[in-house]
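Here's a short question-and-answer tour for anyone new to this one. Take a look, then read on.

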Amino acid sequence: MDDDDVTNRKVSFRKCLEHLSGAGKAIGVLTSGGDAQGMNAAVRAVVRMGIYVGAKVYFIYEGYQGMVDGGRNIVEANWESVSSILQVGGTIIGSARCKAFRTREGRLRAAQNLVQRGITNLCVIGGDGSLTGANIFRKEWSGLLEELAQNGEIDKEQVQKHAYLNVVGMVGSIDNDFCGTDMTIGTDSALHRIIEVVDAIMTTAQSHQRTFVLEVMGRHCGYLALVSALACGADWVFLPESPPEEGWQEDMCIKLSENRARKKRLNIIIVAEGAIDTQNKPITSEQIKELVVKQLGYDTRVTILGHVQRGGTPSAFDRILASRMGVEAVVALLQATPETPACVVSLSGNQAVRLPLVECVQMTQDVQKAMDERRFKDAVQLRGRSFETNLNTYKRLAIKLPDDQIVKSNCNVAVINVGAPAAGMNAAVRSAVRVGIADGHKMLAIYDGFEGFAKGQVKEIGWGDVGGWTGQGGSILGTKRTLPGKSLEDIAAQMRTHSINALLIIGGFEAYLGLLELSAARDRHEELCVPMVMVPATVSNNVPGSDFSIGADTALNTITDTCDRIKQSASGTKRRVFIIETMGGYCGYLANMGGLAAGADAAYIFEEPFDIRDLQSNVEHLTEKMKTTIQRGLVLRNESCSENYTTDFIYQLYSEEGKGVFDCRKNVLGHMQQGGAPSPFDRNFGTKISARAMQWISTKLKEAPGKGKRFTSEDSICVLGISKRNLLFQPVTQLRKDTDFEHRIPKEQWWLKLRPLMKILAKYKASYEVSESNQLEPVHPRGHEEPAAI
């Protein structure tokens, strides 16, 4: 994206920037309520984007308390004030609960403190309480100024000059309890903490055949409990929104003993701290422990995670989310007029959107009201599509009906892994196998990719066989990069031998190419005329038809963690630049998003060609940076971004040009990006997308009762992916036109529009496209497409 290539939208943004710098606006940023990992990334983005467009940005320390107290609590921030905070949990500007701000007297003092510094734009990062407070403040603003003028504390001119206050909110809350946004800042990091603990507990519980009751945060919202139960395959989960039915005590004990009878050596029960029964009476972890000990006599332990969940470093997802929201919030403030209602910047599917703050808060309060009135079905629906899908998926995967209650479909469905291993593949296989069995199919596992398929490495796989798979990295079924083309005869013969009625392929670009080859061979081999669907799983995130692939989030976290450590090592030595090579083939997703999450100075990718002049300008930029207090640099390079500008070349060039100013080190991350336990996002995403693929297969097979039906239409061989806000099944033949086969990447990639974001936050000039619409959206538009809630 070149600076000269200015579309109308960019022109309007430029105008908007000029208008802002001309007006000399001032933005105040504060964090309020409970802290959450990623708040610092949001603060950093607001400060840097504000300064970039020529505004003054002020830190308001200690939330609303600092606004009321004024003085040294409201301080102008500069570019360097937010350096090195991206990887820090909590909030560096502090947060406090404030009683004074709830009174008109307190708000009067706050207004006076803001007017004195010319601040008429507020960016509030916090929960629904903090955002409601900001909205009341905005509505009262002109009245407060009138009163201050009457008391002679400000003059009439100031009243006119600062006539209205604009407010934009970002939701920072680990509970994910805010309606209207799919993910709040901090939720993903809290899930990381929970899953780290669960993984550790599982090993000790297995040794002793123990039952563990884990209590997680979420006083009014069960999101953390639900998603961690989904991500670790817990035996039972207690949520405030969906209490267990009467007689749950017996049901739970039967479920636990059945699992033990299936040779499962441990039980995990997850409880949200606000868990209740249908009569709104609390269900505590101690109660559950006593019940299990009394009824079953199992050795049972309780672990309460507490504030561990709020702590630690933010995940890659939270850093990118918060950076996107922070920039979007500044743009929203620039575009606001006196008539603009207060808005919340939020995430829908994969897109940043703006929603009316009042409606979101109202809906969040409606959930609590529904729970108080014991309308639990309504509460679950009001929580939004993401919550509902999670709950339904959990129920299907956790509870197996007795065999005699499952209606048999007499169909055999096979699952295969293809391509390089990616973390989260096993979660996807587990989910497919269990949903398939629940739908009455016989499930077959194919070992070692298409190569194993041709050799007949096909075995039936049962419900219990996939227990404990969600947390395992790599691919348990085994995976190979071999394409089916050379052994189509053998594969067709195996399809016939095992009478396979449908095929689910989980893999990366090879899986996509394999699907195309199978599709082309349908006219020669009628055995291949069955429903086939591919679920994208590759660290490179380069599969056409989907914005995300299973495994990419885990790889991104590995890169981000490594960059954090490397940056820390440089803080001691000073004046050092690190050049880090990431994987991804020709796809620059990992380098670009890793750069955004780790706060890199530059990221070289294939999709944006660069030459020696660009390298030269990067070196000059770093030379300037070394004159400031931030004396270190971080440069990411995608492994195939340029044939000639190799990692060694860039390292040598930087070393030569930086002589006397900075020294260089290089680091190739290699295969550590493919390994490791899958992140909560990948476990959850793999589980849900794979369950959805199996539902599609079941629907297709129901359309064609009997064995004779041949599926030859394009829409019976698809790729399932997330596109913007929707889950889409796209015929693989139609995706051909969107694919650059030579470089194994989609022709258009959504994340390239986040490139300017990384440059702006690293102090480069870049033209940034304003979000898809600067209009406020209604909360919960229910479209025709299937919503992609992740």
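Q: In which sense do S2 and strand S3 (residues 74-76) pair?
A: In this predicted model, 3 bridges link S2 and S3. One of the partnerships puts Val 75 of S3 with Phe 59. The sense in which S2 and S3 pair is antiparallel.

Q: Which residue in S2 does Ile 27 stand opposite?
A: Strand S1 (residues 26-31) also pairs with S2, in the parallel sense and over 4 bridges. To get from S1 to S2, the chain goes through helix H2 (residues 39-52), and this β-α-β crossover is right-handed. Opposite Ile 27, in S2, you'll find Val 57.

Q: Why is strand S2 (residues 56-60) largely enclosed by the rest of the structure?
A: Buried here means under 20% relative accessible area. S2 has 5 residues, and it counts as largely enclosed because the number of them that are buried is 4.

Q: What volume does the largest cavity have?
A: Rolling a probe the size of a water molecule over the atoms reveals where space is left empty. Counting cavities of 30 Å³ or more gives 6. The largest cavity comes to about 220 Å³.

Q: Which helix gives the most to the lining of the largest cavity?
A: The lining has 17 residues, with Phe 317, Ile 320, Phe 548, Tyr 589 and Trp 750 nearest the cavity's centre. Two or more lining residues come from each of helix H11 (316-335), helix H19 (552-573) and helix H20 (589-598). With 4 residues, the top contributor is H11.

Q: How many residues in the lining of the largest cavity are nonpolar?
A: The lining includes 3 polar and 2 charged residues. The nonpolar ones number 12.

Key: Residues numbered from 1 in each chain as written. Predicted model: local features only at pLDDT ≥ 70, side-chain atom pairs only at ≥ 80, totals over all residues. Heavy atoms only, no water. 1 Å grid on protein atoms, 1.4 Å probe; cavity = no way out; pocket = protein on both sides within 12 Å on 5 of 7 lines; lining within 4 Å. Points joined across faces, edges and corners; volume = space filled by probe spheres on them. Nonpolar A, V, L, I, M, F, W, Y, C, P; charged D, E, K, R; others polar. Buried < 20%, exposed > 50% of the residue type's maximum accessible area, 1.4 Å probe, protein only. Pairing = 2+ DSSP bridges. Right-handed = clockwise from strand over helix to strand, strands pointing away.
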